[in-house]
Amino acid sequence: MNITSTKFEDLQSPPPFFTRICDKYFYSSEWLTFTVCIYITFQSVFWLYNSFLLYIEYNDIPSIDKYRIQKHKPKLRFQPDIIRQMRNGTIKHQLSLVLLLPLMYYLLNLVGHVSVRSPIPSYLTILWQLIIFVLIEDFLFFWTHYLFHTRWLYKHIHKKHHIFKQPTGVVFVLADPLESLLQNQLAVWLVPILLKEKHIFTLCLWVWLRVYQTINAHSGYDLPYISIQYYFPWLMSGTLQHDYHHQHAKMNYGSFFTLWDRLMNTHRLQKDD
């Protein structure tokens with residue numbers, strides 16, 4: 001009997017990956033597992049990409065500098081006041097991330113359930129959920145962004161983001177708190193909150209995708225190969241569109257796609273002034 005039982009246990013598959021790390025490293029707390037995994041996902045792409053941008057900002061590399069969009073202006077390292085504002089804003093954002101991210105687990109469980117212990121979903125499930133996330137985020141971001149460019153909201157709220165005429169990766173987190181909530185966070189998290197079943201792995205992929213996309217859009221460099229816009233320039237929005245938006249404080253309000261901008265006649269492209 002004991003031999004049979006042992007053989008049966010040996011045939012059982014190991015627990016899912018997130019279950020193992022939840023029990024081994026996070027005191028079996030799904031909330032803590034979710035919070036740390038999302039935090040690590042955000043910070044990894046945020047600092048890896050921005051470290052690269054920082055390196056090419058302080059080192060003149062002709063093979064990369066040829067892709068810099070605003071070549072007619074000095075690099076940011078020669079603008080100490082802008083660098084100071086970026087540094088201070090980034091520190092504030094890092095502190096707010098630590099304070100507010102733990103609340104996301106409870107918001108995501110208001111309507112549905114964040115699955116931490118179940119197996120990672122099928123590729124098809126991950127794909128259709130990410131497609132829905134992207135489509136709705138792009139729709140919400142366009143219209144809230146468009147709204148923040150109306151006269152009163154721009155003057156009193158959104159203008160703080162547009163002091164950075166030469167954007168770089170960290171600029172995407174530098175905004176008025178009200179704008180960050182109603183424009184950025186609402187667009188990113190609304191569908192995941194309303195979706196009944198979502199897995200921590202899919203949410204980590206979504207965070208990685210959105211952070212990478214927005215850092216790239218703010219990078220100031222139209223680098224080839226590293227964004228989907230390079231392969232589908234008519235359909236996808238990216239660095240050229242958003243750099244124009246920061247230079248002129250108008251046009252190109254979308255995040256992932258150009259469709260809403262084309263529909264509203266707000267799509268513009270210009271590599272340099």
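Let's start with one residue, Ser227: it is buried, with a relative accessible area of 12%, and that puts it under the 20% cut-off for being buried. Keep in mind as you look around that this is a predicted model. Where does Ser227 sit? It is found in the loop between α9, residues 200-218, and α10, residues 239-248. Now follow the chain along to Thr239: Ser227 and Thr239 are twelve residues apart in sequence, and their C-alpha atoms are 9.2 Å apart in space.

Another residue to pick out here is Gln229, which also has its place in the loop between α9 and α10. Is Gln229 buried or exposed? At 8% relative accessibility, it counts as buried. If you set aside residues up to four places away in sequence, Gln229 touches Asp222, Met236, Ser237, Gly238, Thr239 and Gln241. So Thr239 turns up in both stories: it is a contact of Gln229, and its C-alpha lies 9.2 Å from that of Ser227.

Time to step back and take in the whole chain. The protein chain has eleven helices and two strands. Starting from the N terminus, the elements run α-α-α-α-α-β-α-α-α-β-α-α-α. Taken along the principal axes, the C-alpha atoms fill a box of roughly 80 × 40 × 35 Å. Of the 273 residues in the protein chain, 49% are buried. And if you look at contacts between residues at least 6 apart in sequence, 71% of them join residues at least 24 apart.

What does the UniProt record add? Its unreviewed entry places the feature "transmembrane region" at residues 31-56, 95-114 and 126-148. You can check two of these stretches against the model. Residues 95-114 are 70% helix and 10% strand, with the end C-alpha atoms 25 Å apart. Residues 126-148 are 100% helix and 0% strand, and here the end C-alpha atoms are 32 Å apart. The unreviewed UniProt entry also places the feature "domain: Fatty acid hydroxylase" at residues 131-266. In the model that span is 56% helix and 2% strand, and its end C-alpha atoms lie 24 Å apart.

Now for how helices pack. Two packed helices are described by the angle between their axes and the distance between the axes. Take helix α3, residues 30-58, and its partner α9: their axes come within 9 Å and cross at roughly 25 degrees. That makes α3 roughly parallel to α9, since angles under 35 degrees count that way. The crossing of α3 past α9 is right-handed. From α3, the residues in this contact are Thr33, Phe34, Cys37, Ile38, Thr41, Phe42, Val45, Phe46, Tyr49, Asn50 and Leu53, and from α9 they meet Ile200, Leu203, Cys204, Val207, Trp208, Val211, Tyr212, Ile215 and Asn216. Sort the residues of this contact by type and you get 16 nonpolar, four polar and no charged.

Helix α9 has another partner in α8, residues 177-194: these two pack at an angle of about 165 degrees, with their axes 12 Å apart. That makes α8 roughly antiparallel to α9, and this crossing is right-handed. Val188, Trp189 and Pro192 of α8 make the contact with Leu203, Trp206, Val207 and Arg210 of α9. Its residues divide into six nonpolar, no polar and one charged.

Back on α3, helix α2, residues 17-25, packs against it at an angle of about 110 degrees, with the axes 9 Å apart. That makes α2 roughly perpendicular to α3. Here Phe18, Ile21 and Cys22 of α2 are in contact with Glu30, Thr33 and Cys37 of α3. By type, there are four nonpolar residues, one polar and one charged.

One residue helps tie these helices together in your picture: Ile200, in helix α9. With a relative accessible area of 0%, Ile200 is buried. Which residues does Ile200 contact, leaving aside its neighbours within four places in sequence? They are Phe18, Thr33, Phe34, Cys37, Val114, Ser115 and Val116. Among them, Phe18 belongs to the α2 side of the α2 and α3 contact, and Thr33 and Cys37 to the α3 side. Finally, Ile200 and Pro121 are 79 residues apart in sequence, with their C-alpha atoms 9.8 Å apart in space.

Notes
Residues are numbered from 1 along each chain as its sequence is written. This is a predicted model: local features need pLDDT of at least 70, side-chain atom pairs count only at pLDDT 80 or more; totals for chains, interfaces and linings use all residues. Side-chain values use heavy atoms; hydrogens and water are left out. UniProt positions are given in the numbering used here, feature names are shortened, and annotations may be inferred rather than shown by experiment. Helices (H or I, at least four residues) and strands (E, at least two) are DSSP runs, numbered from the N terminus. Buried means under 20% relative accessible area, exposed over 50%, partly exposed in between (1.4 Å probe, protein chains only). Contact means heavy atoms within 4.5 Å. Axes are lines fitted to C-alpha atoms, for helices over the stretch in contact, and angles run from 0 to 180 degrees between N-to-C directions. Angles under 35 degrees count as roughly parallel, over 145 as roughly antiparallel, 65 to 115 as roughly perpendicular and the rest as oblique. A crossing is left-handed if the near helix is turned anticlockwise from the far one by less than a right angle, and right-handed if clockwise. Ala, Val, Leu, Ile, Met, Phe, Trp, Tyr, Cys and Pro count as nonpolar, Asp, Glu, Lys and Arg as charged, and the others, Gly among them, as polar.
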